[in-house]
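Biologist: I have the model open and a few things to ask. Can we start with the charged pairs?
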Amino acid sequence: EYQDKLSELDEIDGIGKVKKQALLKAFGSVEKIKQASIEDLINVKGINEELAKKIKNMKKNKKTKKVIACLLMLVLVTAAVALAEYAMLSRSYEENRKLRISQENNGQGEILEAEENKENESLDGIKVHGQLSVKGTQLTDASGNPVQLRGMSSHGILWYPEYSNYASLCEIKKYGANMFRIAMYADDVNEGYVQQPILSKKLVCQAIENALAADMYVIVDWHTLKEENPLKNVSQAKEFFEEISTRYAKEPGVLYEICNEPNGDTTWEEIREYAEQVIPVIRQHAPDAVILVGTPDYSYSITKVEPLSYENLMYSYHFYAGQYDDAYKNMIEDTQRKGIPVFVTWGINEEQGGEAALTQGKAFAEYLNEKKISFAAWSLCNKEETFSALRPDCGTYRNWEEKDFTEVGRILFEA
């Protein structure tokens, strides 16, 4: 009849069946045994002082075991989260591994062709141009020669990290890209840096490493959007750029974009206030890095810019064919005449503008290349939206064919 009550007593070394029964007869229950003093316990036949102390520690030991069990559960949960993050990060590494195996298995003719392509691509990357700087309104290389950065922007790096893998970046190089822009949403419900800082930084650093390995310049974009005013998260922005600029302080291939698209009621004065807090953080570690500064109204109203008193700055102009008219030429050229350097991010809203948007997009790309204006095209992913370069049913990350591109993507890749 004592079997259920004896379970805790069973764990005490030195107490056998006889002593357990004696204790229960003396006190009536395990709970009363726990409450008994050492003197009362010693009065029970067969219980000495050492056993009495063990019995008194029984309750404490039970609590300790519960704490250990909770800690073990916490470790298991943390490990599970870490494994999930590792799985996400591993996808790009796996693509790179497959690419290397594919290259090793190619025939001699394909190897020679790849070497020829690699040689041509290397003529416009970091190894040739080195540290960039801004002279007047022109982006220039380490030798003072004009440089045009051309390439794609990722979509949100937390949503589509797979397109920042080494294989994909090498693929866009085949179409003339020498730069990749990493769009890291700053504050977007559950999918931004504010909500997931550790994973965001891991994915950003992985993309940076892949771009540098491909000899491509890389823009680290603090993607302000839904929060409208960059001042809302200025402390987090400073924290982020502090870490990234420290890690890549001596890397000439890294540029910094401190606020993607300020919008809503955000004024140029508020953008200035934000920039004057964030730029010094970057400059402390990467004094020569080129920094891009967003402008009001989703970075469309570049004519509202009043230059900041820092060197090596460019100012963002965002243009979406199908949404805006052809005033871009006057806006960009008026801004440049004031001595303000312009960097463009652009896309095509075919859904809103139809065939006319595609025509306008082609004309805009031709204009950028004619004027040697640096740009990032939005965006390299297969999201089911009008701005995507790849079709939703495209399941590959390299060796893309014509059938893999959206109508918008065909123009972006040709730009």
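Modeller: Yes; keep in mind that this is a predicted model. Asp-404 and Lys-403 meet through their side chains in a salt bridge, at 3.5 Å from N to O.

Biologist: Is Asp-404 buried or exposed?
Modeller: Asp-404 counts as buried, because its relative accessibility is 9% and the cut-off for buried is under 20%.

Biologist: And its partner, Lys-403, buried or exposed?
Modeller: Lys-403 counts as exposed, at 55% relative accessibility.

Biologist: How many salt bridges does the count come to?
Modeller: The count comes to 16 salt bridges. One of them joins Arg-150 to Asp-124, with the closest N and O atoms 2.8 Å apart.

Biologist: Which parts does the pair of Arg-150 and Asp-124 tie together?
Modeller: Arg-150 is in strand β3, and Asp-124 is in the loop between α6 (108–121) and α7, so the pair ties together parts that are 26 residues apart in sequence. Arg-150 is buried, with a relative accessible area of 19%, while Asp-124 counts as partly exposed at 23%.

Biologist: What about Glu-385, what does its side chain meet?
Modeller: The side chain of Glu-385 meets that of Lys-383 in a salt bridge, 3.4 Å from N to O. Glu-385 is partly exposed at 26% relative accessible area, and Lys-383 is partly exposed at 27%.

Biologist: Which residues are linked in a network of salt bridges?
Modeller: Arg-181, Asp-221 and Glu-257 are linked that way.

Biologist: Changing topic to empty space. How many cavities of 30 Å³ or more are counted?
Modeller: The count gives one cavity of 30 Å³ or more. The largest cavity has a volume of about 100 Å³.

Biologist: Which residues line the largest cavity?
Modeller: Among them are Arg-150, Met-152, Ile-172, Tyr-175, Phe-375 and Leu-412. Arg-150 is also the salt-bridge partner of Asp-124.

Biologist: Which element gives the largest share of that cavity's lining?
Modeller: β3 does, with three residues. The elements that give two or more residues to the lining are β3 (150–156) and α15 (407–414). By class, the lining has eight nonpolar, two polar and one charged residues.

Biologist: Now pockets. How much space lies in the second largest pocket?
Modeller: The second largest pocket holds about 270 Å³. Of the 17 residues that line this pocket, the closest to its centre are Leu-225, Glu-261, Tyr-320, Trp-378 and Phe-387.

Biologist: Which strands supply at least two residues each, and how do the classes divide?
Modeller: β4 (179–185) and β8 (313–321) each supply at least two lining residues. The lining of the second largest pocket divides into seven nonpolar, six polar and four charged residues.

Biologist: Back to Trp-378. What kind of peptide bond joins Trp-378 and Ser-379?
Modeller: A cis peptide bond, with omega at about 0 degrees. Ser-379 lies in strand β10 (residues 375–380).

Biologist: Any odd backbone angles elsewhere?
Modeller: Asp-297 has a positive phi of about 60 degrees although it is not a glycine, and Ser-299 likewise has a positive phi of about 60 degrees without being a glycine. Asp-297 is in helix α12 (residues 296–299), and Ser-299 is in helix α12 as well. Asp-297 is partly exposed at 27% relative accessibility, whereas Ser-299 is buried at 0%.

Biologist: Last one, the surface. Which residues make the nonpolar patch of about 320 Å²?
Modeller: Leu-72, Met-73 and Leu-76 make that patch. Met-73 is found in helix α5 (residues 58–105).

Methods. Residues are numbered from 1 along each chain as its sequence is written. This is a predicted model: local features need pLDDT of at least 70, side-chain atom pairs count only at pLDDT 80 or more; totals for chains, interfaces and linings use all residues. Side-chain values use heavy atoms; hydrogens and water are left out. On a 1 Å grid over the protein atoms alone, a cavity is a set of points where a 1.4 Å probe fits but cannot get out, and a pocket is an open set with protein on both sides within 12 Å along at least five of seven lines; lining residues have an atom within 4 Å of a point. Grid points are joined across faces, edges and corners, and a volume is the space filled by probe spheres set on the points. Helices (H or I, at least four residues) and strands (E, at least two) are DSSP runs, numbered from the N terminus. Ala, Val, Leu, Ile, Met, Phe, Trp, Tyr, Cys and Pro count as nonpolar, Asp, Glu, Lys and Arg as charged, and the others, Gly among them, as polar. Patches are made of residues with over 30% relative accessible area and no salt bridge: like charges are joined within 9 Å, nonpolar side chains (Val, Leu, Ile, Met, Phe, Trp, Tyr) within 5 Å. Accessible areas come from the Shrake-Rupley method with a 1.4 Å probe; for residues, only the protein chains shown count as cover. A salt bridge is a side-chain nitrogen of Lys or Arg within 4 Å of a carboxyl oxygen of Asp or Glu. Buried means under 20% relative accessible area, exposed over 50%, partly exposed in between (1.4 Å probe, protein chains only).
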